[in-house]
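Hi everyone, thanks for making time this morning. I'd like to walk you through a structure that may be new to most of you, so settle in and have a look at the screen.

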Amino acid sequence: MLSYPATAADWRQRARSRLPRFLFDYVDGGAGDEATLAANVQDFAALRLRQRVLVDVAQVDTRCRLVGQDCALPLALAPIGLAGMMARRGEAQAARAAAAAGVPFTLSTVGICPLAEVATAAGRAPWFQLYMLRDRGAVQALLQQAWDAGSRTLVFTVDLPTTGLRHRDTRNGLAHGGTRAALLRAGQVLARPGWVARVALGGKPLTFGNLTRQVPDGRNLNAFKAWVDAQFDASVTWADIAWLRGQWKGRLLIKGVLDVQDARAAVDSGADGIVVSNHGGRQLDGAPSTARALQAIAQDLGAQTELLVDGGIRSGVDMFKALALGAHGVLIGRPWVWALAGGGEAGVRQLLATWQRELAVTMMLTGATRVADIGRQHLEDYKQIDI
Ligand code: FNR
């Protein structure tokens, strides 16, 4: 066991030692052969930065505005379904850590803690993530719930007309019902008694907190899962986004765009911003990495919209690289969940503090004193980057 986790990889190790195998793999894994998942990480890692010297960097500022909000650094926590299975009342803990670090937290439609619990824990409302559901009345009700809880930024995820095939989940029996799968998972649970005490027993209720009004059998996670699965609407088009735009008075981010044409359509639909994302490599294996997609979309759209990106960002240095490629900010997924599983609220705080420091140091060594000044000029061979 590492004494002082420093990096996302260190937190991942801790998470692995504390979570039942099927939960660790649910977070860690991706679709298919996990090629896109790997490319997300590799393509950020491969970018080279220009070190500059003798620039006055005595005053470096990581603060910025993100989707109309003052933030301590250009980062928000991405929506993660079932995060509350990774630590006791997991979303509430992570939202508190995010608030302390001065960055937004996004609550997933299929989070465990309800909006009100997260807002109260953090002292401020989270961003809310939603998928299109077949039952448009349920969509309207959820939007109202989010608005009433104080959420003003909606992250609308569009890259999940169906769920990607994640083979680790199949191997671990997550994709199966029946006794054999249950026994397989039970064995993995029994190997982690600390998790049983902290989360399975200490973290109840383990249901989809935001959907309790929609799902009648409110104590059974399987009933929730069945409802959500039946609600995925694969017939959604841009016309439905126009409808959604009319329903939501706050800021709207479209999450899950990878293609330049789709990015233009998102701008035309009246969205306030785009999250360039391949769902952390969990949907279309073989899709381009997000660094690659971001580069193309940023070049095409320029300053027309607010561009966020997620997937494969594993450090403050990667955050800087995403900004250099044209993003205004990043979302992080697995890193915060690993830190949450490995160290609860304190773990997420520590991760965010490290990344802020890392961003500040990177800015000092590249000669950028303000977040808004970070750009392609900070990348080596920036005129012809081949990723
Ligand atoms: C996700 N993601 C996700 N996205 C979303 O819009 N709603 C959701 O409920 C979830 N759930 C979810 C669960 C888990 C375990 C993971 C790993 C991811 C996608 C997430 O918001 C984000 O796009 C990716 O995690 C970004 O990639 P990195 O940072 O994990 O590499």
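I'll start at the ligand, then go through a pocket, the cavities and a couple of single residues.

One thing to keep in mind throughout: this is a predicted model.

Let's begin with the ligand. There are 24 residues around the ligand, and the nearest of them are Pro79, Ser108, Thr157, Asp310 and Arg314. Two of those names come back when we look at polar contacts. The side chain of Asp310 has an N or O atom 2.7 Å from an oxygen atom of the ligand, and Arg314 places a polar side-chain atom 2.8 Å from a ligand oxygen. How much of the ligand's area does the protein bury? On its own the ligand exposes 600 Å², and 99% of that is buried by the protein. As for elements, α2 (21–28) and α15 (334–366) each give two or more residues to the shell. His279 joins in as well, with a side-chain N or O atom 3.4 Å from a nitrogen atom of the ligand. Sorted by class, the shell holds 9 nonpolar, 10 polar and 5 charged residues.

Now, stay with Ser108 for a moment, since Ser108 is one of those nearest residues. Its backbone oxygen is 3.4 Å from a polar side-chain atom of Asn210. Where is Asn210? You'll find Asn210 in the loop that runs between α9 (193–201) and α10 (221–231). Is Asn210 buried or exposed? Its relative accessible area is 1%, and the cut-off for buried is under 20%, so Asn210 counts as buried.

Next, the second largest pocket. Its volume is about 510 Å³. It is lined by 26 residues, and those closest to its centre are Val158, Asp159, Leu160, Pro161 and Gly256. Three elements supply two or more lining residues each: β6 (153–157), α11 (238–247) and β7 (251–257). The lining is made up of 15 nonpolar, 7 polar and 4 charged residues.

Let me pick out Pro161 from that group. Pro161 sits in the loop joining β6 to α7 (167–171). With a relative accessibility of 44%, which falls between the 20% and 50% cut-offs, Pro161 is therefore partly exposed. If you'd like a sense of distance, Pro161 and Gly203 are 42 residues apart in sequence, and their C-alpha atoms are 31 Å apart in space.

Finally, the cavities. Rolling a probe the size of a water molecule over the atoms shows where empty space is left. How many cavities of 30 Å³ or more are there? The count is 2.

The largest cavity holds about 80 Å³ of space. Of its 13 lining residues, Pro104, Phe105, Arg124, Ala125 and Pro126 are closest to the centre. Both α4 (90–101) and α5 (115–122) supply at least two lining residues, and α4 gives the most, with 3. By class, that lining has 11 nonpolar residues, 1 polar and 1 charged.

The second largest cavity has about 40 Å³ of space. Its lining consists of Thr109, Tyr131, Leu133, Leu211, Trp227, Val228 and Phe232. That gives 6 nonpolar residues, 1 polar and no charged ones.

To finish, if you take one picture away, let it be the ligand, with 99% of its area buried by the protein. Thanks for listening!

Technical notes. Residues numbered from 1 in each chain as written. Predicted model: local features only at pLDDT ≥ 70, side-chain atom pairs only at ≥ 80, totals over all residues. Heavy atoms only, no water. 1 Å grid on protein atoms, 1.4 Å probe; cavity = no way out; pocket = protein on both sides within 12 Å on 5 of 7 lines; lining within 4 Å. Points joined across faces, edges and corners; volume = space filled by probe spheres on them. Helix = DSSP H or I, 4+ residues; strand = E, 2+ residues; numbered from the N terminus. Nonpolar A, V, L, I, M, F, W, Y, C, P; charged D, E, K, R; others polar. Near = heavy atom within 4 Å. Polar contact = N/O pair within 3.5 Å; in protein donor to acceptor, adjacent residues only side chain to side chain. Areas by Shrake-Rupley, 256 points an atom, 1.4 Å probe, with all protein chains shown as cover. Buried < 20%, exposed > 50% of the residue type's maximum accessible area, 1.4 Å probe, protein only.
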